[in-house]
Amino acid sequence: MNSLYRHPGLVAGAVVVVLALPPLRVWLEGSMAGHMLVQIPLLAGAGVLGAFALPPRLKRRLDACNARGLPFTLLASLVSTYWMLPRALDAALTEPWMEVAKFVSLPLLVGLPLALSWRRLGTIGQGFVAANFVSMVSVVGWLYIVAPARVCNNYLVDQQTVTGWLLVAVSGLLFLGWTAPAFIARERSGVTACVARPTGRATEKRSPWEAVAGRLR
C-alpha cells in the first residue's frame, strides 16, 4: 500500500506490463468476460494511477486544456465506448497493431483524462458520467444476451451470453453502490434528528441525491 501511494507511476506501469505478458494476456483474452471485465478495466485503472504521478507543471498544462473537465471526459467516453464494441475486441485479437493501440489508449486516453477531470466536473457532471456509464454497460450486456448470433468472431455464443449477464450484474452493482449510501445517509440523518430533538420539530431530511452530492464534495 505504501508503494501505491508513494510511487503510483511505477505501479501503473507495472500493471500494464504484467497485463501485456503473454501468459496472462492470452488467458484473459481467451474469454470474452476476462477481456471486457478484467483486462480492459485494469488498463484504464492503470491510467488513473498514472494521473497521480504527473509532474505538477505538466498537470497544470493539461488542466489549462481541460475546461471544467469536459474535453477530457468526452475523450475518455468516446475511447471507452469504442473498446466495448465487438469489432474492436475482434480487431485487438487478430491485429497486433490494434492490440498495441488498446494497451496504449485505455490508460492514456481513458483512465488518465478521466482522473484529471473528475473533480473538475462537479456534482452534476459526476452524476451524469456515472449514470451514462452504468446505462451503457447495462445496454451492452442486454444486447449480448439477446443477440441471436455471435457478435464477436473470436468468441462463442455461450461466452457472449455469460458476458452479457455479467455486464448486467456489474451495472446493477454499480447502481446500488452509487445510490445505497444516499439512502443510508438519509435514514441516519432522520434518526439523529429524532434523537437530538425528541419533543421538538425534527430537522429537515435530505433527499438521496442531495446526500450523494454531499459525499462527492
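**Entry 1: Helix H7 and its cover**

I began with helix H7 and looked up what lies over its buried residues; the cover includes H4, H6 and H8. The model I am reading is a predicted one. Within H7, I found Pro-86, Ala-88, Leu-89, Asp-90, Ala-91 and Ala-92 to be buried.

I then looked up how H7 lies against H8. Their axes are 7 Å apart, and the packing angle is about 150°. Since angles over 145 degrees count as roughly antiparallel, I recorded H7 and H8 as roughly antiparallel to each other. On the H7 side, the residues that meet H8 are Pro-86, Leu-89, Ala-91, Ala-92 and Thr-94. On the H8 side, I listed Pro-96, Met-98, Glu-99, Lys-102 and Tyr-144. Sorted by class, this contact has seven nonpolar, one polar and two charged residues.

**Entry 2: The whole protein**

I stepped back to the overall plan. The protein has ten helices and zero strands. Read from the N terminus, the elements run α-α-α-α-α-α-α-α-α-α. Of the 217 residues, 34% count as buried. I also looked up how far apart in sequence the contacting residues are. Among contacts with a separation of 6 or more, 70% join residues 24 or more positions apart.

**Entry 3: The nonpolar cores**

Which residues have the most contacts inside the largest nonpolar core? I noted Met-32, Met-36, Trp-83, Leu-89 and Tyr-144, in a core of 25 residues. The elements that give two or more residues to this core are helix H4 (32-51), helix H7 (86-94) and helix H8 (96-146). H8 gives the most, with eight residues. I also recorded a second, separate core of five residues, which includes Ala-51, Leu-54, Leu-112 and Leu-116.

I followed Tyr-144 further, leaving aside its neighbours within four places in sequence. Its contacts include Met-32 and Met-36, as well as Met-84, Leu-85, Pro-86 and Leu-89. Further along the sequence, Tyr-144 is in contact with Val-151, Gln-160, Thr-161, Thr-163, Gly-164 and Leu-167.

**Entry 4: The aromatic pair**

I searched for paired aromatic rings and found one pair in the structure. The ring centres of Tyr-82 and Trp-83 are 5.1 Å apart and the ring planes stand at 75°, so I entered the pair as edge-to-face. For that step I needed the cut-off, by which planes over 60 degrees apart count as edge-to-face.

Are the two partners buried or exposed? Trp-83 is buried, because its relative accessible area is 4%, whereas Tyr-82 is partly exposed at 37%. Buried means under 20% relative accessible area, and partly exposed lies between that and 50%.

**Entry 5: The loop between H5 and H6**

I looked up two residues in the loop between helix H5 (56-64) and helix H6 (70-82), where Asn-66 has its place. Asn-66 counts as buried, because its relative accessibility is 0%. Not counting residues up to four places away in sequence, Asn-66 touches Pro-71, Phe-72, Leu-116, Ser-117 and Arg-120. Leu-116 was already in my notes as one of the residues of the second core.

Arg-68 is found in the loop between H5 and H6 as well. With a relative accessible area of 66%, Arg-68 is exposed. Arg-68 has a positive phi of about 55°, although it is not a glycine. I noted the background for this entry: most residues other than glycine have a negative phi.

**Entry 6: Helices H3 and H4**

I next looked up helix H3 (residues 22-29) against H4. The two pack at an angle of about 125°, with axes 7 Å apart. I therefore recorded H3 and H4 as oblique to each other. Arg-25, Leu-28 and Glu-29 of H3 make this contact with Gly-34, His-35, Val-38 and Gln-39 of H4. By class, the contact has two nonpolar, three polar and two charged residues.

**Entry 7: Leu-174**

My last entry concerns Leu-174, which has its place in helix H9 (residues 157-196). Leu-174 is partly exposed, because its relative accessible area is 36%. Leaving aside neighbours within four places in sequence, I found Leu-174 in contact with Phe-133 and Val-134. How many residues apart in sequence are Leu-174 and Phe-133? They are 41 residues apart in sequence, and 9.4 Å apart in space from C-alpha to C-alpha.

Technical notes:
Residues are numbered from 1 along each chain as its sequence is written. This is a predicted model: local features need pLDDT of at least 70, side-chain atom pairs count only at pLDDT 80 or more; totals for chains, interfaces and linings use all residues. Side-chain values use heavy atoms; hydrogens and water are left out. A nonpolar core is a set of buried Ala, Val, Leu, Ile, Met, Phe, Trp, Tyr and Cys residues joined through side-chain atoms within 4.5 Å. Buried means under 20% relative accessible area, exposed over 50%, partly exposed in between (1.4 Å probe, protein chains only). Helices (H or I, at least four residues) and strands (E, at least two) are DSSP runs, numbered from the N terminus. Contact means heavy atoms within 4.5 Å. Rings of Phe, Tyr and Trp (its six-membered ring) pair if their centres lie within 6.5 Å; planes under 30 degrees apart count as stacked, over 60 as edge-to-face and the rest as tilted. Axes are lines fitted to C-alpha atoms, for helices over the stretch in contact, and angles run from 0 to 180 degrees between N-to-C directions. Angles under 35 degrees count as roughly parallel, over 145 as roughly antiparallel, 65 to 115 as roughly perpendicular and the rest as oblique. Ala, Val, Leu, Ile, Met, Phe, Trp, Tyr, Cys and Pro count as nonpolar, Asp, Glu, Lys and Arg as charged, and the others, Gly among them, as polar.
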